[in-house]
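Please open the structure in a viewer and keep the selection tool at hand. The tour proceeds by selections, each followed by an account of what is found there.

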Amino acid sequence: MNRRNFIKITAGVTAAAMTGCTTIPTRTENKRVVVIGGGAGGATAAKYIRKTDQSIEVTLIEQNKHYYTCFLSNEVLGGWRNFDSIKFSYDGLKKYGVKVVHNRATGIDPVNKLVTTQSGTFHYDRLIVSPGIDFKWETIEGYNESVAEKIPHAWNSGFQTALLRKQLEAMKDGGRVIITVPRRPFRCHPGPYGRASVIADYLKQHKPKSKVLILEASEKFAQQKLFIQAWKKLYGYGTDNSIIEWLPFSEGGEVIRVDAKKRTVYTEPFEDQHVGDVLNVIPQQKAGKIAFLGDLVDETGWCPINQKTFESERHKDIHIIGDAAIASPMARAANAANSQAKVCALVIVKALRGEEMVPPFFINACYSILGKEYGISVAAVYHLEDDKIKWIRGAGGISPMDGSPELRKREVLYAHSWFKNLTYDIFG
Ligand SMILES: Cc1cc2nc3c(=O)[nH]c(=O)nc-3n(C[C@H](O)[C@H](O)[C@H](O)COP(=O)(O)OP(=O)(O)OC[C@H]3O[C@@H](n4cnc5c(N)ncnc54)[C@H](O)[C@@H]3O)c2cc1C
């Protein structure tokens, strides 16, 4: 599928979501939707419900005053992008009439349809939960929430991203950065390799004797051929002078222990140890904590949903979107969360009106910027088949291996434009 068709389908999804605007029956008056989590999924859902039907009261419960995107946060780590450029406020949502409450949701009562927060309770007719991820701290000995304040994961953005950047800046020339990649599934599968690339670029420019070591808990990774091709071109990968080294599980890549004082990680299966000057330890992941408190997760640690409605398989009238939901084959990505949110918003408006849902499409696009003029991407379009999300064969696509330097350069521009459009769609 070419880019023009992809954009047409993308526009179609939004248009389908907006068909709800044409008639606004009074039946939905006094109906209350509460959204937990004002990230890529939750903020979009809150905005689109109000855009579609202004008679529905929408309350967004978000623990932070500002949202820092993970997407394109790797550029901040490379020093290519200003930290403030990934910071967004919730003022844009207020103009749609979304009531924004800055507080942490601490519980969900599915029987009485209540959300509790640190300072009060909120009644809902429908609840959307989009809390993102939490970490399985117990899978790495010696690593926990307080150690992460010194050894960042930077897999949630904000403080963590700023901390990792500061450590990279403070590192001496000749230092070693270690990035540890957990078992799948985790948020944004290409993310660690995009991160290794921008850090390698920063080291090449400013600390040329330094190296990046990636320790991988699996045998292969997303878009591996494209990444390796870029690393060979840009960072000497495969030569004695390579800035990047990558070790898969079979070569001792899975981290099981961290010694923060010694700045050392210990790996399986050979009980190797690696000392780094900057450690970026990314632990295994699961759904955000409130999903556990609300009894929305199954034994996988993620939330099972009806993929047609995003309604929880465990509790009625609660919908889960974004990284916390089991929406495979869709990736855990901001673009996917945004697309699911629009569909979920329309599902809820239609349900509150007693109307039939239209057949939805979903999209996702992920950009990785591997050098200042070197980008790659993967995009996919999905629909429902037998009430399950299915990838549409032949739609979407991945950057070609034989892409020209001009194409790689253009992909960086597309990535920046995608970021502007997506963040406007979420918060603007
Ligand atoms: C390095 C990196 C690069 C990435 N690059 C891309 C990319 O190029 N493209 C892409 O599409 N995706 C990318 N992603 C993935 C993307 O960031 C996530 O998939 C996306 O943010 C998921 O959206 P979400 O709504 O599920 O969660 P989030 O965006 O994390 O939002 C969750 C929100 O819920 C709030 N919250 C949680 N619990 C509570 C509670 N109890 N009470 C109140 N508020 C709560 C949090 O504060 C947060 O604001 C990347 C991720 C990383 C780490």
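Select helix α5 and display its side chains: Gln160, Thr161, Leu163, Leu164, Arg165, Gln167 and Leu168 are buried in this predicted model. An α-helix has 3.6 residues a turn, so residues three or four places apart point the same way. To see what covers the buried residues of α5, add α3 (73-77), β11 (176-181), α6 (191-206) and β17 (278-281), against which they pack. The length of the helix may also be checked in the viewer. Helix α5 comprises the 12 residues 159-170, and at 1.5 Å a residue it should span 16 Å; its end C-alpha atoms are 16 Å apart, so the expectation and the model agree.

**Strand β11 and its partners**

Keep β11 selected and hide α5. Of the six residues of β11, five are buried, so that the strand is mostly covered according to the under 20% cut-off for relative accessible area. Next, select strand β12 (residues 211-216), which runs parallel to β11 and is joined to it by six bridges. Add β17 as well: β11 and β17 pair in the parallel sense over four bridges. Within that pairing, Thr180 has Val281 of β17 as its bridge partner. Now restore α6 to the view and follow the chain, for β11, α6 and β12 make a right-handed β-α-β unit.

**Ile179**

Which strand holds Ile179? Ile179 has its place in strand β11. Is Ile179 buried or exposed? Its relative accessibility is 0%, and Ile179 therefore counts as buried. Opposite Ile179, in β12, stands Ile214. Select the contacts of Ile179, leaving aside its neighbours within four places in sequence: they are Pro192, Arg195, Ala196, Ile199, Val212, Leu213, Ile214, Leu215, Asn280 and Ile282. Then draw a distance from Ile179 to Val281, C-alpha to C-alpha: the two residues are 102 residues apart in sequence and 6.0 Å apart in space.

**The five-stranded sheet**

Clear the selection and turn to an open sheet of five strands, whose order is β5-β2-β1-β9-β19 and whose pairing is parallel. Its edge strands are β5 (99-102) and β19 (318-320), each of which pairs on one side only. On average, neighbouring strands of this sheet are turned by 20° against each other, direction ignored. Select strand β2 (residues 57-62) together with β5, and four bridges of parallel pairing can be traced between them. One of the residues to label is Leu60, whose bridge partner in β5 is Val100.

Two helices should now be added. Helix α2 (residues 40-52) lies across β1 (32-36), β2 and β9 (126-129), and runs at about 165° to β2. Helix α9 (residues 334-353) also packs on the sheet, where it touches β1, β9 and β19; the direction of α9 makes about 175° with that of β9.

**The three-stranded sheet**

Select β14, β15 and β16, which form an open sheet in that order with antiparallel pairing. β14 (254-259) and β16 (273-275) stand at the edges; each has a single partner strand, so one side of each is left without a neighbour in the sheet. The average turn between neighbouring strands here is 30°, direction ignored. Between strand β15 (residues 264-268) and β16, three bridges are found in the antiparallel sense. Label Thr264 and Val275, for Val275 is the bridge partner of Thr264 in β16.

**Annotated spans and Ser368**

Two spans come from unreviewed entries in UniProt. Select residues 32-147, listed there for "domain: FAD/NAD(P)-binding". The end C-alpha atoms of residues 32-147 lie 40 Å apart, and the span is 19% helix and 35% strand. Next select residues 359-427, which UniProt lists for "domain: Flavocytochrome c sulphide dehydrogenase flavin-binding". The end C-alpha atoms of residues 359-427 lie 26 Å apart, and this span is 33% helix and 42% strand.

The last stop is Ser368, found in strand β20 (residues 361-371). With a relative accessible area of 7%, Ser368 is buried. Leaving aside its neighbours within four places in sequence, which residues are in contact with Ser368? Display Pro190, Phe227, Tyr374, Gly375 and Ile376, with which Ser368 is in contact.

Definitions and conventions
Residues numbered from 1 in each chain as written. Predicted model: local features only at pLDDT ≥ 70, side-chain atom pairs only at ≥ 80, totals over all residues. Heavy atoms only, no water. Expected span 1.5 Å × (residues − 1). Buried < 20%, exposed > 50% of the residue type's maximum accessible area, 1.4 Å probe, protein only. Contact = heavy atoms within 4.5 Å. Pairing = 2+ DSSP bridges. Axes fitted to C-alpha atoms, helices over the stretch in contact; angles between N-to-C directions. Right-handed = clockwise from strand over helix to strand, strands pointing away. UniProt positions renumbered as here; feature names shortened; annotations may be inferred.
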